[in-house]
Amino acid sequence: IRFPDPIGMMKCYAVNHEEGVSLGLYPPFVEKGVRHSVFKYSLSETVCHLARSLALLDLDTWKKVKVDGVEVAPIRVATANLPKPAQLGATVDGYSCVGTEVRGTKDRKRVEYFIYSMDSHRETYEQFGYSLTVVQTGIPPALAARLIATGKIKERGVMMPEALDPEPFIENFSREGLKIFVEKREVERL
């Protein structure tokens with residue numbers, strides 16, 4: 001997938017995530033023509049090799065095994081010495097891009113839109129004192145709570161976030177520190 005600079009082209013992998021299923025099943029989206037939805041994640045080759053090695057050794061399972069008379073989940077052993085996510089904010093460099101790519105036809109032309117948030121891990125940590133992952137994950141639900149409390153979100157009950165009107169979120173994300181960008185890509189056949 002081609003990400004905006006300075007990230008560029010990255011190999012991405014389809015992973016299990018609720019949006020990949022729910023967006024393709026939610027009736028209003030299906031009525032608008034959504035036929036396919038997949039959640040992808042970009043991982044370094046090192047992480048991919050490590051994941052394959054853990055799977056090959058059966059260390060990626062929660063099914064407990066007995067070791068020296070003690071039952072333990074192999075995944076717990078494999079991850080026991082990893083740093084806690086909260087400890088990583090000051091050490092991570094580079095950029096993170098979280099986005100939605102939409103492809104379709106508009107006015108009889110093939111178009112693509114890429115709506116995304118992208119920022120520097122280092123700059124975000126210096127500004128907020130938290131990792132970029134924490135900021136990208138935490139701002140949307142915090143903003144949703146404020147929009148509910150102020151009556152700007154009227155819906156009640158359990159629902160997918162995608163079922164809500166996106167405009168109040170888009171209007172407020174940048175003010176809260178989550179920069180949002182929209183890229184329109186016209187597609188031409190050569």
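Nine salt bridges turn up when the whole structure, a predicted model, is searched. Two of the pairs described below, D119 with K179 and R146 with E176, tie together parts that are 60 residues and 30 residues apart in sequence. A further pair, R185 with E183, also belongs to a network of salt bridges.

**D119 and K179**
- The side chains of D119 and K179 form a salt bridge, with an N to O distance of 3.3 Å.
- D119 sits in strand β6, which covers residues 109-120, while K179 sits in the loop between α7 (167-176) and β7 (181-186), so this pair joins parts of the chain 60 residues apart in sequence.
- D119 has a relative accessibility of 9% and therefore counts as buried, the cut-off being under 20%.
- K179 has a relative accessibility of 38% and counts as partly exposed.

**R146 and E176**
- R146 and E176 form a salt bridge in which the closest N and O atoms are 2.7 Å apart.
- R146 belongs to helix α6 (residues 132-149) and E176 to helix α7, so the salt bridge ties together parts 30 residues apart in sequence.
- R146 counts as partly exposed, because its relative accessibility is 38%.
- E176 also counts as partly exposed, at 28% relative accessibility.

**R185, E183 and the network**
- In the salt bridge between R185 and E183, the closest N and O atoms lie 2.8 Å apart.
- R185 and E183 are both buried.
- Salt bridges link R2, E101, R103, E112, E183 and R185 in a network.

**Charges overall**
- Side chains of opposite charge can pair when their charged atoms come close.
- The protein has 26 positive and 25 negative charges, and the mean positions of the two sets are 3 Å apart.

**Fold and dimensions**
- The protein contains seven helices and seven strands.
- Along the sequence these elements follow the order β-α-α-β-α-β-β-α-β-β-α-α-α-β.
- Taken along the principal axes, the C-alpha atoms fill a box of roughly 65 × 45 × 35 Å.

**Burial, contacts and surface**
- Of the 190 residues in the protein, 24% are buried.
- Among contacts with a separation of 6 or more, 55% are between residues 24 or more positions apart.
- The exposed area of the protein is about 14200 Å², and carbon and sulfur atoms supply 57% of that area.

How values were computed:
Residues numbered from 1 in each chain as written. Predicted model: local features only at pLDDT ≥ 70, side-chain atom pairs only at ≥ 80, totals over all residues. Heavy atoms only, no water. Salt bridge = Lys/Arg side-chain N within 4 Å of Asp/Glu carboxyl O. Helix = DSSP H or I, 4+ residues; strand = E, 2+ residues; numbered from the N terminus. Buried < 20%, exposed > 50% of the residue type's maximum accessible area, 1.4 Å probe, protein only. Contact = heavy atoms within 4.5 Å. Areas by Shrake-Rupley, 256 points an atom, 1.4 Å probe, with all protein chains shown as cover. Lys, Arg positive; Asp, Glu negative; His and termini not counted. Charge placed at Lys NZ, Arg CZ, Asp CG, Glu CD.
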